Amino acid sequence: MSDPPWRRPPRAYTPGVPAWGATREQAREGFSSIPMDSVSPEWAWGGADGSGVRVCVVDSGVEGGHPMAGPVDLSVTAVQDEDGEVAMVPCEPTDRAGHGTACAGVIRSVAPGVSVSSVQVLTDGKTGSGPALIAGLSWAIEQNFDVINLSLATTRPALTAQLHELADRAYFRRCALVVSAHNRPVPSYPWSFSSVISVASHDEDDPMTYYYNPAPPVEFHARGVRVPVAWPGGGTIRSTGNSFAAPHISGLCALILGKHPWLTPFQLKTVLFLCAGNTTGRLGGAHDETC
């Protein structure tokens, strides 16, 4: 099998054809069409467990070997020097606060076969430096992870441009960047960018129930209230927050990509939409209809 399109070098410029255009010969390369009326949860992820899919948790770290989080394949941490430069260096799979382990456990509960890696950018589960976030997210994108879970947001406007560029870079490199909305109604990023998959909470117990939100910028709602999550030391707690809704969607993305590995973020988001419940129909039960 040849390299997927997103890992190939840019096409050479063809005289007579505007830049980024396609000639008749180039256009012969096909793509797997998806009849939209045939897309259902069974089509999307039926029988899949996420095997072959690489998921990265950018957070406070992941405790390797936790019964819920499982093994950690790669683990790096952000180290800032005296000049403010940040390097991502290998580290033991540990968690500074528990937040990243909780997210990894949710992902593993939905997609038990995935490969989980950890990028440690938070210091205590709630705070971290802007340069560490930028460096950690950049590293994850450059590693070509299939799914990146980012259960955090920043309110610092100074980081907006860099985060927007990184979100777009992930989109075009076929890294599905799944980001939780801020828990408070304040301007924050990068969940509000259209090139990411943004997630907030619903209050139902089914981990596989999720909704499409017709009132953006939040696109999807997933389980995020009183969620049983992994906690350092091998334990579990129940916790509430959009942070735990996002990894449910990351797990679903891993299932879908495990079964349909050539989907781009654009196509993946479309599949999520086609299989989602409807928040409007939720009150009337219409979300139970198959799509």
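**Cysteines, rings and a helix with a buried side**

At 0% relative accessibility, Cys56 falls squarely in the buried class. The model discussed here is a predicted one, and the structure holds zero disulfides. Cys56 is accordingly in no disulfide, and the nearest cysteine sulfur, 9.4 Å away, belongs to Cys175. Seen from the other end, Cys175 is likewise without a disulfide, with the sulfur of Cys56 as its nearest cysteine sulfur at 9.4 Å. Cys175 is buried too, its relative accessible area being 2%. A disulfide would call for sulfur atoms within 2.5 Å.

Turning to the aromatic residues, a search of the whole structure turns up seven aromatic pairs. One of them is Trp45 with Tyr210: the ring centres lie 6.4 Å apart and the planes meet at 55 degrees, so this pair counts as tilted. It bridges distant parts of the chain, with Trp45 in helix H1 (residues 41-45) and Tyr210 in the loop between strand E7 (197-202) and strand E8 (211-212), 165 residues apart. Both partners are tucked away from solvent: Trp45 is buried at a relative accessible area of 12%, and Tyr210 is buried at 4%. Another pair, Tyr189 with Phe193, has its ring centres 5.8 Å apart and its planes at 25 degrees, so here the rings are stacked. Tyr189 and Phe193 are both buried as well.

The Trp45–Tyr210 story does not stop at two rings. Ring pairs tie Trp45, Tyr210, Tyr212, Phe220 and Phe273 together into a cluster. Elsewhere, a ring has a charge for company: the charged end of Arg54 sits over the ring of Phe145, 4.3 Å from its centre.

Phe145 turns up again in the surroundings of Trp139, a residue of helix H3. Setting aside neighbours within four places in sequence, Trp139 is in contact with Leu74, Val76, Met88, Val119 and Phe145. Of these, Met88 lies 51 residues from Trp139 along the chain, yet their C-alpha atoms are separated by 7.3 Å. With a relative accessible area of 17%, Trp139 is buried; the cut-off for that class is under 20%.

Helix H3 also has a part to play around helix H4. H4 itself spans residues 160-172, 13 residues in total, and runs 19 Å from its first C-alpha to its last, close to the 18 Å expected at 1.5 Å a residue. Its buried residues are Thr160, Leu163, Leu166, Ala167 and Ala170. These cover an arc of only 130 degrees around the axis, which means that they sit on the same side of H4. The spacing fits the general pattern: an α-helix has 3.6 residues a turn, so residues three or four places apart point the same way. What covers the buried residues of H4 includes helix H3 (130-142) and strand E6 (176-180). On the face turned away from that buried side, H4 carries the exposed residues Ala161 and Phe172. Just after H4, Arg174 adopts a positive phi of about 70 degrees.

Note on methods
Residues are numbered from 1 along each chain as its sequence is written. This is a predicted model: local features need pLDDT of at least 70, side-chain atom pairs count only at pLDDT 80 or more; totals for chains, interfaces and linings use all residues. Side-chain values use heavy atoms; hydrogens and water are left out. Helices (H or I, at least four residues) and strands (E, at least two) are DSSP runs, numbered from the N terminus. The expected span of a helix is 1.5 Å times one less than its number of residues. Buried means under 20% relative accessible area, exposed over 50%, partly exposed in between (1.4 Å probe, protein chains only). The arc is that of the directions from the helix axis to the C-beta atoms. Contact means heavy atoms within 4.5 Å. Rings of Phe, Tyr and Trp (its six-membered ring) pair if their centres lie within 6.5 Å; planes under 30 degrees apart count as stacked, over 60 as edge-to-face and the rest as tilted. A charge sits over a ring if NZ of Lys or CZ of Arg is within 6 Å of the ring centre and within 35 degrees of the ring normal.
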